[in-house]
Amino acid sequence: MEERRNFLKALGIGGVGGTFLVGCGASAPVAASVTDKTRRLSEKIAQMPIADAHCHPMTDKDAQTTPDQFLERISLAAFPIYNYFPEGVYETWQKGDASTRAELDAEYGIGKKRAEVLAQFEQSVFVKYMVKELAGFLGCAPTLRAVIDARNARGQDYWGYINALFRDVRIEALFLDTGYAEGMTAAEMDRFEQAVTPAKSYRVYRVETIQRELFPEDISFAELERRFLEKVRAGLDGTGNFGKKSYGMKSYIMPLIGVVKPLYEREPAEQAWERVKQRQTYSDRQIGWQQDKDLRRYLLTLALEECLKRDMPMQFHAGDGEAPGVILRQQDPYNLEEVVRFDKDGMMRTPKIIPIHAGYPLVDKAAWLSHLYTNCYFELSIMTPFAHDGLLQRYLQVMEMVPISKILYGSDAYHVPELFWLAARWGKRYLALALGRYVEQDVLTEDEALEAAQMILFSNAHNIYNLA
């Protein structure tokens, strides 16, 4: 019994996990059997490789940090903190000397707002749990200050530290969204990919990356079309994604416009392009985004056609946060139904569509969309790791609706390597508990549960991205 208690404690579920196991309609003797089954599953799943189906490359800028800086780099509330202030103000405050900061604080209250955001985040269960987990890996006291000191010591060889984190949880494949890379160069992306070997990296090209390059240009609409398609094809077929090939694409369009419907007609897009070239600014963010809505829809449709020709998937940002920079109400996974269908000439053509971030917190909608449409897949990032204990119920909810062959592990890890590690650690932990429940109830055999874990954690990504 003591051994089982220690095992549950190691899983991080303690008494709550025990109550859950007994609460599955089992008597005490059966509960003991459940623990044994879960232990066997967990031990085997912990050794499985991981393919992270959605994540981002990193630089070495965070090799040395402070507790506040580290929290700001991982907090979803602090992540877009610059959006609380007029454009460029927060960046000036960050880079400024004491006098500059004092002047900006007097006008905008930047330091106070930042301190408030970070203090609240530090009091989250997520941070308290993360600190204990990292303390175990780093061999230090379970306090934020001790963890940061220990990881800074390891950060003297930052790339070695990153590699050790990846190896510890067996991250062996990465699908890197290069659309958010903090201004990294091609050489810096190569450096990151080299640092995480033997993990293999596969790049995903973002539609908005191409748009950011082209939208400032004063060119005709026909030239815009030509150059956009040229860049898409170079990314998918050649070395157009920071010097390497892409294995799919991603779009961030939904947070900007809401319902995403393909647009095949050139005329509305051309009219929108003329408005874009006027370089107008709008105090109302939604009005501004609506002005170029048809242009974005049209270019997305061109890119999706290219993915369809190559049987390559298109990821779509869904759910998640990033407020106050985006409009939360527009990120409903159901807003993707029209591109999942991709109707044309009376035919529903069904390209591979992956709503990412589990549609969190609208997980049920993303799962149901994936259940109903054979070409729509389900990806687990941002919910993993930020939902932590809630992952048990969320994973059960997802597997209840979505075929196992369509579920993809992902982290959306960004900025710091600890998010990759934490997501993989908790992803395996709670997936094992969820599958253990199915085994205990005779819904799945142990072999079926292990096969499911291997599919979700690794092989599904390779199949969907045509690597198998």
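This passage describes a parallel sheet, the helices around it and several individual residues in a predicted model.

The strands of the sheet are considered first. Six strands, in the order β1-β2-β3-β4-β5-β8, form an open sheet, and their pairing is parallel. The edges are occupied by β1 and β8 (353-356); each has a single partner strand, so one side of each is left without a neighbour in the sheet. On average, and with direction ignored, neighbouring strands of this sheet are turned by 25° against each other. Two helices that pack on the sheet may be described here. Helix α11 (residues 186-195) touches β2 (171-177) and β3, and its direction makes about 145° with that of β3. Helix α13 (residues 221-237) touches β3 and β4, and the angle between its direction and that of β4 is about 135°. As a general point, strands of a sheet pair through backbone hydrogen bonds, in either a parallel or an antiparallel manner.

The pairing can be followed from strand to strand. Between β2 and β3 there are 5 bridges in the parallel sense, and D177 stands opposite V204 in β3. Strand β3 (residues 200-206) is joined to β4 by 3 bridges, again parallel. One of the residue pairs here is formed by R203 and its bridge partner S246 in β4. On passing to strand β5 (residues 314-317), 3 bridges are found between β4 and β5, which run parallel. Here K250 stands opposite Q315 in β5, while the bridge partner of S251 in β5 is F316.

Burial was examined for two of these strands. In β3, 5 of the 7 residues are buried, and the strand is mostly covered. In strand β4 (residues 246-251), 5 of the 6 residues are buried, so this strand is largely enclosed by the rest of the structure.

Individual residues in the strands add detail to this picture. M314 belongs to strand β5. With a relative accessible area of 0%, M314 falls under the 20% limit and is therefore buried. Apart from neighbours within four places in sequence, M314 is in contact with residues including M249, K250 and S251. The contacts of M314 also include V207, L300, A303, L304 and C307, as well as K352, I353 and I354. By contrast, E267 is not in this set: the C-alpha atoms of M314 and E267 are separated by 25 Å, with their positions 47 residues apart along the chain.

H54 is found in strand β1 (residues 50-55). H54 is buried, and its relative accessible area is 0%. The side chains of H54 and Q315 are joined by a polar contact of 3.2 Å. When neighbours within four places in sequence are left aside, the residues in contact with H54 include F175, D177, K250 and Q315. Others among them are I356, H357, E379 and S381, together with G410, S411, D412 and A413. Two of these contacts, K250 and Q315, are the residues that stand opposite each other in the pairing of β4 with β5.

Outside the sheet, the packing of two helices was analysed. In general, two packed helices are described by the angle between their axes and the distance between the axes. Helix α10 (residues 158-168) packs against helix α22 (residues 417-440) at an angle of about 10°, and the axes are 9 Å apart. An angle under 35 degrees counts as roughly parallel, and α10 and α22 are therefore described in this way. On the α10 side, the contact involves Y158, Y161, I162, L165, F166 and D168, which meet P417, E418, F420 and W421 in α22. By class, 8 residues of this contact are nonpolar and 2 are charged, with no polar residues.

Two further helices hold residues with contacts to other parts of the chain. N152 is placed in helix α9 (residues 144-154) and counts as buried at 10% relative accessibility. A polar atom of the N152 side chain lies 2.9 Å from the backbone oxygen of T65. Beyond residues up to four places away in sequence, N152 touches A63, Q64 and T65. K37, in turn, lies in helix α3 (residues 28-45). The C-alpha atoms of K37 and R437 are separated by 9.1 Å, although these residues are 400 residues apart along the chain. With residues up to four places away in sequence not counted, K37 touches V439, E440 and E446.

Technical notes: Residues numbered from 1 in each chain as written. Predicted model: local features only at pLDDT ≥ 70, side-chain atom pairs only at ≥ 80, totals over all residues. Heavy atoms only, no water. Axes fitted to C-alpha atoms, helices over the stretch in contact; angles between N-to-C directions. Helix = DSSP H or I, 4+ residues; strand = E, 2+ residues; numbered from the N terminus. Parallel < 35°, antiparallel > 145°, perpendicular 65-115°, else oblique. Contact = heavy atoms within 4.5 Å. Nonpolar A, V, L, I, M, F, W, Y, C, P; charged D, E, K, R; others polar. Buried < 20%, exposed > 50% of the residue type's maximum accessible area, 1.4 Å probe, protein only. Pairing = 2+ DSSP bridges. Polar contact = N/O pair within 3.5 Å; in protein donor to acceptor, adjacent residues only side chain to side chain.
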